[in-house]
Amino acid sequence: ATPLLEVQGLQKHFKVRHSRNPVKAVEQLSFAVPAGSTFAIVGESGCGKTTCAKLILGLEPPSAGSIRFDGRDVASLAGADRRTWRRQVQAVFQDPYASLNPRLRVATIVAEPILANEKPTRAELDRRIAELLDVVGLPADAARRYPHEFSGGQRQRVAIARALALRPRLLVLDEPTSALDVSIRAQILNLLSDIQQQYGLTYLLIAHDLALVEHFADAVGVMYLGDMVEQGPTAQVFGAPRHPYTRALLASVLRPDPDVPLPVGMIRGEIGSALAPPPGCKFHPRCPQAIDACRSDKPVPTPFSPLHWAACHVEAARATGAPTAAAPAA
Ligand code: SF4
């Protein structure tokens, strides 16, 4: 079957003032998401996952590559076809405090996307708002209230109701629970899970929380400095990670704050700069397994099963039984 979302060689470079080099925020990203499934993109802050979300949402044009939605290249869509695509791809963002206009009642917030696209009667609009609030588990009187009257979890429910208002097929979930109390996260995840089943939704989940990804995603891509370094079904990537960076991320799974550096000994130093990324494998300055080739040659994806691959010289050599000729880098 055709995947609902198919990304091929996606690239995004940003020009920077006073620099000849662009910021290579996303490079050569390719993945496919079957309808009704969840694909997660994980990585540290600055790895390019948020840029990827913006490209998929159509908020930024790609520098190269293609995004196909329901079998059609979105760059070729115009007029009514383009408006249909924009309606069918919606987002839920990290911070429900920042993403809801505090001056608007919940009914107006949820109605906004509907009124921007359709001309329902007052009764029809009220019925749809009531239905959406019910779907996300909010009481009917929530419609008359303002965002500040709600808790963080309830606000995220409002944001989900708004995202569902145009009956989308793909939801981009950008860190949907990381601003919420731990006690509330499970409720929002259960809600997202129920909604996915009920409406057959497809999710692109952007996250740093690996426990969430393991629980929620069918497949996962691991990003490092704009590159996808490992990709595959979640059970395979988490059960038998091949890339040293994935292994390091998994080793730090109990790390509650994504901005706290990864444990010493697993990998060294900070994520590098996308403006001047290291040559060869971008991960080599931090990699405990690096060999000479890692400093000059960019590794290409090596398949470890039909759907699971990683881009690493040492793991590729291991898989083929080839010797890793050079001594470990200092
Ligand atoms: Fe480490 Fe080299 Fe593999 Fe990169 S290619 S992850 S530096 S071993």
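This report describes a predicted model, going from the annotated domain to its core, selected strands and helices, and the ligand shell.

## Annotated domain

The UniProt record, an unreviewed entry, places the feature "domain: ABC transporter" at residues 5-250. Over residues 5-250 the chain is 41% helix and 25% strand. The C-alpha atoms at the two ends of that stretch are 27 Å apart.

## Nonpolar core

The largest nonpolar core has 84 residues, of which Leu205 and Val213 touch the most other members. Helix H6 (residues 152-164) gives the most to this core, with 6 residues.

Apart from neighbours within four places in sequence, the contacts of Leu205 are Thr38, Ala40, Leu173, Val213, Phe216 and Ala217. Val213 is thus a contact of Leu205 as well as the other residue named for touching the most core members.

## Strands E6 and E7

Strand E6 covers residues 89-92, and its side chains alternate: Val89 and Ala91 point one way, Gln90 and Val92 the other. All four are buried. E6 runs parallel to strand E7 (residues 170-174), and 4 bridges join the two. Within this pairing, Val89 has Leu170 of E7 as its bridge partner.

Gln94 lies in the loop between E6 and helix H3 (96-99). Gln94 counts as buried because it has 20 C-beta neighbours inside 10 Å, and 20 or more is the cut-off for that class. Not counting residues up to four places away in sequence, Gln94 touches Asp174, Glu175, Pro176, Ser178 and Ala179. Gln94 and Leu5 are 89 residues apart along the chain, and their C-alpha atoms are separated by 22 Å.

## Helix H4

Helix H4 spans residues 106-117, and Val106, Ile109, Val110 and Ala111 in it are buried. An α-helix has 3.6 residues a turn, so residues three or four places apart point the same way. The buried residues of H4 pack against helix H5 (122-135) and H6. H6 is also the helix that gives the most residues to the largest core.

## Loop at Gly200

Gly200 lies in the loop between helix H7 (182-199) and strand E8 (202-207). Gly200 counts as exposed because it has 11 C-beta neighbours inside 10 Å, where 12 or fewer is the cut-off. Leaving aside neighbours within four places in sequence, Gly200 is in contact with Ala35 and Gly36. Ala248 is 48 residues from Gly200 in sequence, and the C-alpha atoms of the two are 34 Å apart in space.

## Positive phi angles

Most residues other than glycine have a negative phi. Gln28 has a positive phi, near 50 degrees. The place of Gln28 is in strand E2 (residues 23-33). With 17 C-beta neighbours inside 10 Å, Gln28 counts as partly exposed.

Arg167 also has a positive phi, near 50 degrees. Arg167 is in the loop between H6 and E7. Arg167 is exposed because 12 other C-beta atoms lie within 10 Å. A positive phi is found at Gly321 too, near 80 degrees, where Gly321 follows helix H11.

## Hairpin E11-E12 and helix H11

Strands E11 (302-305) and E12 (308-310) pair in the antiparallel sense over 3 bridges. A hairpin joins E11 to E12 through 2 residues. Thr302 has Ala310 of E12 as its bridge partner.

Helix H11 covers residues 313-320, and its buried residues are His313, Val314, Glu315 and Ala316. These buried residues pack against both E11 and E12.

## Ligand shell

There are 13 residues around the ligand, and those that come nearest are Cys281, His284, Cys287, Cys294 and Cys312. By class, the shell has 9 nonpolar and 4 polar residues, and no charged ones.

Notes:
Residues are numbered from 1 along each chain as its sequence is written. This is a predicted model: local features need pLDDT of at least 70, side-chain atom pairs count only at pLDDT 80 or more; totals for chains, interfaces and linings use all residues. A residue is near a molecule or strand if its C-beta atom, placed from the backbone, lies within 6 Å of it. Ala, Val, Leu, Ile, Met, Phe, Trp, Tyr, Cys and Pro count as nonpolar, Asp, Glu, Lys and Arg as charged, and the others, Gly among them, as polar. Two strands pair if DSSP finds at least two bridges between them. A nonpolar core is a set of buried Ala, Val, Leu, Ile, Met, Phe, Trp, Tyr and Cys residues joined through C-beta atoms within 7 Å. Two residues are in contact if their C-beta atoms, placed from the backbone, lie within 7 Å. UniProt positions are given in the numbering used here, feature names are shortened, and annotations may be inferred rather than shown by experiment.
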